[in-house]
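Reader: I should be grateful for a close look at how the helices of one chain pack against one another in this model. Please also treat whatever else in the model helps to place that packing.

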Amino acid sequence: MKKKIIRILAIVLIPTACLYFLQLLFMPKYVSDINEGSMIEEYYKSSKNHEVLILGDCEVYENISPVTMWEEYGITSYIRGSSEQLIWQSYYLLEDTLKYETPKVVVLNVLAMQQSEAKSEAYNRMTLDGMRWSFSKLNSIKESMTEEESIISYVFPFLRYHSRWSELTSDDIKYMFNKPNVTTNGYLMQVGVRPMTVAPQEVPLKNYQFSERNYNYLDKIRQLCEEKGIKLVLMKAPSMYPYWYERWDTQIKEYEDKYNLLYLNMIEQSEKIGIDYTTDTFDYGQHLNVDGAEKLSKYLGKILKDKYDLADYRNNQEYQKTWDTLTEQYHREKENKLKEWENIQ
Amino acid sequence: MKRKSFAAMCIMTACFAMTACGNSSQNTTAGGVNNESQIENGSKYVFETSGYSVKVNAKISECLEKLGEPKGGTYEVKSCAFDGMDKFYYYGAYTIQGYQKDNEDLVYSVTFMDDTVKTPEGVRLGDSKDKMTSAYGSSFNQDGEQYIYTSGNTKLIFVLKNDVIENIIYELNQ
């Protein structure tokens, strides 16, 4: 009888373990390339005592530096950003984050309001695969999936990635169990300078109206923040592309007025912030480089600190060690990347 | 008995792997998800300017050769995380948007920017719905304020507000 039980266990456990390890091996690692795929899961390794949580797409993780907000004001912040993060994905990431901590302020970038369907599986994967399993992840998958995707491939990513066998590299073995951070509290640093010489123009669209679906999720974000006593700030980052249409801006302003929120259109304030699109962008105005991100972070940090009376934790020993490490890493990374950039010039 | 157990394990693993192999339509990496559309060639809807027909899916290099460099400049940006560029060619009265397919820049859309240009059928921004239907008929698909005429690889889209044409777009029919 004992032998039978052992045999049955072996029949179940050995293949399960094999498949688990194969899954770890075959999942894309996003370390040496397409770092954006690593960002969502990195959060779980952080200290989880942040007063400011920032949600959104590349307009947050490329444009805001939490270390600068710490150095200038002692604000503790984390960016849970991901490429083309859709508004419902922001909602489920908020739900997910609230399982670990309750920030005082949530900053939500509003560019995603103009996109009401997931464009591709590739972007979905970068937001969803990195989330820990929970109903938040499951619901986000259900809401995000394109026609070609299936839930089972998210539950067992090996089903999706098994055909990577011919593309496996040493990274896939090296980072099977542990991956280095590619961001500093969610900020993905870029140091290059590629000036914006031609500004993107206002090319008319077929439809400017934000979808009901997106408004529903914006409502859910607002309501969840209200329930938890969190202040919600809407922000449009000072990225010049995709073009931010006045009719989109009006809809956000109306929402701001209706619910008495704070909306910061940083494009309108880019001069005040001091952004120079000939020096502060690494991709012709679409995203800021580290100089631009530091300018925006100083500006945003001051507003958040003044308006929401955020504490200055710089002299608090509980926070100092973590943030000293982050700050040191950040400056080392900046120095190294600047050297690399100079070398390729 | 041991052989039976071993065989059972092999069958389980193989079944799982075979299930995995079943979906061959998906690409191998998250970055390489297919976005191919079934593109037919040609359409009766073509924008004409300076004696040249700007066809959706035509090579951008050919357009630039015929139309000259855009006087409003060109704006190019890389997509957020993956390869591929969004490109806009600003010709003043109209804008051509390009996309990349098989390493080639092709025309994705032509959007009217003002009323100094018109379609070959004589419709321009500010015209009435009646003018649109007398030029193109009533075989359109309506999606809210959009009136969409489709032919081959091109959608000709009119956006109307209070029965006045606010926007005209020739776009790739994906």
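Author: What follows describes three helix pairs of chain A, then two backbone features, and finally a pocket.

The model is a predicted one. A convenient starting point is helix H5 of chain A, which spans residues 87–97 and packs against H11(A) at an angle of about 20°, with the two axes 8 Å apart. Angles under 35 degrees count as roughly parallel, and H5(A) and H11(A) are therefore roughly parallel to each other. The crossing of H5(A) past H11(A) is left-handed. On the H5(A) side, the contact is made by Ile87(A), Trp88(A), Ser90(A), Tyr91(A), Tyr92(A), Leu94(A) and Glu95(A). Their partners in H11(A) are Arg213(A), Asn214(A), Tyr217(A), Lys220(A), Ile221(A), Leu224(A) and Cys225(A). By class, the residues of this contact between H5(A) and H11(A) comprise 9 nonpolar, 2 polar and 3 charged.

Helix H11 of chain A, residues 212–227, also packs against helix H12 of chain A, residues 246–259. Here the angle is about 35° and the axes lie 13 Å apart. H11(A) passes H12(A) in a right-handed crossing. From H11(A), the residues Tyr215(A), Leu218(A), Asp219(A) and Arg222(A) meet Gln251(A), Tyr255(A) and Tyr259(A) of H12(A). The contact of H11(A) with H12(A) is made up of 4 nonpolar, 1 polar and 2 charged residues.

The third pair consists of helix H4 of chain A, residues 66–73, and helix H15 of chain A, residues 317–344, whose axes come within 10 Å and cross at roughly 125°. That angle makes H4(A) oblique to H15(A). The crossing of H4(A) past H15(A) is left-handed. H4(A) contributes Pro66(A), Val67(A), Thr68(A), Trp70(A) and Glu71(A), which meet Tyr319(A), Trp323(A), Leu326(A), Thr327(A), Tyr330(A) and His331(A) in H15(A). This contact of H4(A) with H15(A) holds 7 nonpolar, 3 polar and 1 charged residues.

Two details of the backbone may be added. Most residues other than glycine have a negative phi, and most peptide bonds are trans. In chain A, however, a cis peptide bond joins Tyr241(A) and Pro242(A), with omega about 0°. Pro242(A) belongs to the loop between strand E4 (231–236) and H12 of chain A. In chain B, Asn162(B) has a positive phi of about 50° although it is not a glycine. Asn162(B) sits in the loop between strand E9 (154–161) and strand E10 (164–172) of chain B.

Finally, the second largest pocket has a volume of about 800 Å³. It is lined by 29 residues, of which Leu24(A), Met27(A), Glu41(A), Asp129(A) and Lys179(A) are the closest to its centre. At least two lining residues come from each of helix H1 (2–26), helix H2 (39–42), helix H8 (151–155) and helix H9 (157–161) of chain A. H1(A) gives the most to the lining of this second largest pocket, namely 3 residues. Divided by class, the lining of the second largest pocket has 16 nonpolar, 5 polar and 8 charged residues.

Note on methods: Residues numbered from 1 in each chain as written. Chains lettered and ligands numbered in written order. Predicted model: local features only at pLDDT ≥ 70, side-chain atom pairs only at ≥ 80, totals over all residues. Heavy atoms only, no water. 1 Å grid on protein atoms, 1.4 Å probe; cavity = no way out; pocket = protein on both sides within 12 Å on 5 of 7 lines; lining within 4 Å. Points joined across faces, edges and corners; volume = space filled by probe spheres on them. Helix = DSSP H or I, 4+ residues; strand = E, 2+ residues; numbered from the N terminus. Nonpolar A, V, L, I, M, F, W, Y, C, P; charged D, E, K, R; others polar. Axes fitted to C-alpha atoms, helices over the stretch in contact; angles between N-to-C directions. Parallel < 35°, antiparallel > 145°, perpendicular 65-115°, else oblique. Left-handed = near helix turned anticlockwise from the far one by under 90°. Contact = heavy atoms within 4.5 Å.
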